[in-house]
Amino acid sequence: MTDLTRLSAAELAEKIHAREVSSAEVTQAHLDRIGQVDDFVHAFLHVDAEGALAAARAVDSALADGQAPVSPIAGVPLALKDVLTTEGVPTTCGSKTLEHWIPPYDATVTRKLREAGVPILGKTNMDEFAMGSSTENSAFGPTHNPWDHARIPGGSGGGSAASLAAFEAPLAIGTDTGGSIRQPGAVTGTVGVKPTYGGVSRYGLVAFSSSLDQAGPCARTVLDAALLHEVIGGWDPLDSTSIDAPVPPVVAAAREGLRGDLTGVKVGVVKEFSGEGYQGGVQRSFEGAVEQLKALGAEVVEVSCPNFVYALPAYYLIAPSECSSNLARFDAMRYGLRVADDGSHSAEEVMSLTREAGFGPEVKRRIMLGTYALSSGYYDAYYGSAQKVRTLISRDFEAAFEKVDVLVSPTTPTTAFKIGERVDDPMAMYLADLCTIPSNLAGNAAMSVPSGLSDEDGLPVGLQIMAPALADDRLYRVGAAYEVARGSITDRVPELKGVSA
Amino acid sequence: MTAVAEVMDYAEVVERFDPVLGLEVHVELNTKTKMFCGCPNEFGGEPNTHVCPTCLGLPGALPVLNGKGVEGAIRIGLALHCEIAEWCRFARKNYFYPDMPKNFQTSQYDEPIAFNGYLDVTLDDGEVVRVQIERAHMEEDTGKSLHVGGATGRIHGAEHSLLDYNRAGVPLIEIVTKPIVGMGERAPEVARAYVTALRDLLLALDVSDVRMDQGSLRCDANVSLMPKGSSEFGTRTETKNVNSFRSVERAVRYEMTRQAAVLVSGGTVTQETRHFQEADGTTSSGRTKETAEDYRYFPEPDLVPIAPAREWVEELRGTLPEMPAARRKRIQTEWSLSAEELRDLFNSGAVDLVEATVAEGAKPNDARSWWVNFLAQEANARETELAALPITPAQVARVAALVDSGELTNKLAREVVKGVLAGEGEPDEVVEKRGLKVVSDDSALLAAVDEALAAQPDIADKIRGGKVQAAGAIVGAVMKATKGQADAKRVRELIIERVGA
């Protein structure tokens, strides 16, 4: 019998909807896989076997009644990043602060998944409050890269990406504030998409940086990501910043791309994202990918986006500023961790001691950075200037998209680094998001699609594709076409050594 | 502690100093739902029953702006002759306090929806003072803390505190005056008159319950003194907990006398928040702002900018009712009232009823007299509001018409009104049932006149002898005999006729 965990979401959906296999069987197969390998990978913080199987059985019984599937991925299970609220199921954001918090409400993304008949296997590990690029900032221990146990799976959404690479889930949801979907996708050999800002509701997404956060689909193929994108996308009256426009036709675009023809598509290579700091194997993989795009018929030109080099410093003013305010609510008064409530401390002291005990070092670092950047007398120099840089970056994108349909770059300058290698060097850690941050600042759409393995270390490399706001479909057309030309890499994920079947 | 002069005699204060006022009024709008969520906006309720993820600040929840709140803000701005912003935003005001769920208040900062207006305020003697309005901006209310144990009900000395978030997120409009200078000894009266005039205006707009006792109208009074002849403002204090119009006046007056005493003794006024003590009319030191609080304002990223269309603003301008000041002027002219009569009319709270009675055909003076005199006494005796009396303006107008046509005397008319108040039906029914019609049958009256003349022949002689004024005694006897149902004028005519005959 076929190993159900090795199939794509599209293939699984087809089998489930044709009633060749039940959603309960598919879900159980993934739960079994999680049981086998997750002690080793640690992609999940919480597994909800009961909830997932109940959802699967509901899909099966509806199909048995002759009803049409409620969505193209009905019955296909999914791993949900632990930053999206789930009614009745813990949502920790990888933080001790929320270790025992059970939300009373579903995020809009969660609700849409439930309505689409998608069984939610569990909640995936992440850097605390999505702050990090390695998942090492999780209060509950790091996630390991299925390609090499000693290496990071990227972050903050390392859990979601690793669950895909380890065949624990065929689909996953991530959130991307500075690259937290794309960079984990790149270093685990999976596909990750940051939709246009406002394309997917943020309601129930525990905020890190409100003007940058964006939930999006993660999968092993471009088509699977597109199928998930259409389920979670769209306007939400509960999110004032969500866009009241139809979801771009991403599935149709992916199917068109799969025909392997990019004639007439103009691709711009971002000049600023190469050279010093870029690992040789990453650089060569990227160049190979550009050659393949040309071979598919695309016209490739070099494009300069001079302000992109200021994106990282601007990001590290804006994101911490917003986070310093967003995380103020964790004060022990209404929910979450509370320490020192022994009758000898004032409310203010309980707040302070709880925050001291509940937040990890990186979260504290960013809260302090942001508090400082917003302070009276510094606001203009820091937050104000960063917002101006943000405008300049948007203009760079606008100018570039007048010349080309999509931009490309490596997703991240290196392959997966070793666990522990950068934990004491925040700047080195921050550089992992160098290429992904501009799209968050400008709010446009971007994807990371595997571009094979680095020739020097055999680890996955990601190709980043960027498209204008609301032109998410272009990512899928180019990504799917490239994916066909490149050939599969997920079949080359090493069997997880040390795992007893 | 040695006895020191804590306050200066008021006459001396205004001789030596010029007061400067700044009034900040918070108004809770009477929208159906809260400012950023769908929870009911109602005063009271069991604690923490009007709450949801958004107004509790649960992780992941997002605000959605209440359009009716914006409408109310614009209408208030227009009524205060303000300019309405073409584009404005909300900001976050960051500070930690347990009754604030997010530990930031969603408020407007440097981009208020309305600015640069004025309000004409009528003082007790009819003088009109124009108070300049700096701005009116939108924000959300906080929850309420209830400090249990301790003597004062304040946090200091309390054993524990309870939090009720029903009020959290209720729409608030903050209306801030420009510095009010040059009022001299009338400054406290101006402060009261301003808040009263603002209350009347808000009531006319029907945007708020404007109940100071329930906190839907709250006033913070900023007071400072500058030596006579100086134009440099002194250090100000901000007095809170001012819960009635009279308290506004008392608080300002007290602060003037207190600050003056501090200044003449060589001290300096501390910039601080003070609390008004209703019991003895003093203020006491609250929290001292040793360092200026840094609220780290920045634009609220969870809400989109507000750009009220000019057509909408003009449409709202069209919905403005007649403003209280204009109404006073109109009524004074139309009804030819003296300043004093106008003041009494407005103080009686009967204006609406009098206007309605006039609209039903009564003469303004008659209508005014009925409500301000007789019915006001009745309401007083019943310990109820005028408007709650069981009589309608139409009924009062009918009684006035019966008096006009000579069918009732004033005395009978009062009996009729009493009958209506007692639930005996319409005025005409009361007249019928109680038999209160004026006796207009001359033959019946003549009998009574003859009887009275016969009973007092000496008076009859006096009249005959030319002392016509002596007829009064006979008129009285006739009125008594007819139980007041005779027309005194006609009785007098008949007496003269009889005696002379």
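**Strand pairing, overall dimensions and chain contact in a predicted two-chain model**

In this predicted model, strand β11 (residues 237-242) of chain B and strand β12 (residues 272-277) of chain B run parallel and are joined by 3 bridges. Within this pair, B:E238 stands opposite B:T273 in β12(B). The connection from β11(B) to β12(B) passes through helix α4 (residues 245-264) of chain B, and the resulting β-α-β crossover is left-handed.

Elsewhere in chain B, antiparallel pairing is found on both sides of the sequence of strand β6 (residues 128-140), whose partners are strand β5 (residues 114-122) of chain B and strand β9 (residues 171-177) of chain B. The pairing of β5(B) with β6(B) extends over 8 bridges, and B:L119 is placed opposite B:V131 in β6(B). These two strands form a hairpin with 5 residues between them, in which B:G126 adopts a positive phi near 95 degrees. The pairing of β6(B) with β9(B) comprises 7 bridges, with B:T177 of β9(B) serving as the bridge partner of B:I133.

Chain B as a whole contains 16 helices and 14 strands. Its radius of gyration is 31 Å, whereas a compact globule of 501 residues would have a value near 23 Å. Taken along the principal axes, the box filled by the C-alpha atoms of chain B is roughly 100 × 55 × 50 Å. The average pLDDT of chain B is 90, and 96% of its residues score at least 70.

Chain A has 16 helices and 11 strands. The radius of gyration of chain A is 21 Å, close to the 23 Å that the globule rule gives for 501 residues, and chain A is therefore as compact as a globular protein of that length. Along the principal axes, the C-alpha atoms of chain A occupy a box of roughly 65 × 55 × 45 Å.

Chain A contains an open sheet of 11 strands with mixed pairing, in which the strand order is β1-β3-β2-β4-β6-β5-β10-β11-β9-β7-β8. The edges of this sheet are held by β1 (44-47) and β8 (299-303) of chain A, each of which has a single partner strand, so that one side of each is left without a neighbour in the sheet. On average, and with direction ignored, neighbouring strands of the sheet are turned by 25 degrees against each other. One of the pairings within the sheet links strand β5 (residues 191-194) of chain A to strand β10 (residues 445-453) of chain A in the antiparallel sense over 3 bridges, and here A:V193 stands opposite A:M447 in β10(A).

Helix α5 (residues 158-165) of chain A packs on this sheet and touches β1, β2 (78-81), β3 (120-124), β4 (171-175), β5 and β6 (215-219) of chain A, its direction making about 160 degrees with that of β4(A). Another helix, α13 (residues 380-403) of chain A, lies across β7 (266-270), β8 and β9 (406-410) of chain A, and runs at about 150 degrees to β8(A).

The loop between β3 and α5 of chain A holds two backbone features that call for separate description. Most residues other than glycine have a negative phi, and most peptide bonds are trans. In this loop, by contrast, A:A130 has a positive phi of about 70 degrees although it is not a glycine. A:S156, which lies in that loop as well, is joined to A:G155 by a cis peptide bond with an omega of about 10 degrees.

With regard to the association of the chains, the predictor assigns the complex an ipTM of 0.95 and a pTM of 0.88. The contact draws 33 residues from chain A and 27 residues from chain B. On the side of chain A that touches chain B, α10 (311-326) and α11 (347-358) of chain A each supply at least two residues, and α10(A) gives the most, with 3 residues. By character, the residues on this side of chain A divide into 16 nonpolar, 11 polar and 6 charged.

Note on methods: Residues are numbered from 1 along each chain as its sequence is written. Chains are lettered from A and ligands numbered from 1 in the order in which they are written. This is a predicted model: local features need pLDDT of at least 70, side-chain atom pairs count only at pLDDT 80 or more; totals for chains, interfaces and linings use all residues. Two residues are in contact if their C-beta atoms, placed from the backbone, lie within 7 Å. Helices (H or I, at least four residues) and strands (E, at least two) are DSSP runs, numbered from the N terminus. Ala, Val, Leu, Ile, Met, Phe, Trp, Tyr, Cys and Pro count as nonpolar, Asp, Glu, Lys and Arg as charged, and the others, Gly among them, as polar. pLDDT is the predictor's confidence in each residue, from 0 to 100. Two strands pair if DSSP finds at least two bridges between them. A crossover is right-handed if, with the strands pointing away from the viewer, the path from the first strand over the helix to the second runs clockwise. Axes are lines fitted to C-alpha atoms, for helices over the stretch in contact, and angles run from 0 to 180 degrees between N-to-C directions. The radius of gyration is taken over C-alpha atoms; the globule rule is 2.2 Å times the number of residues to the power 0.38.
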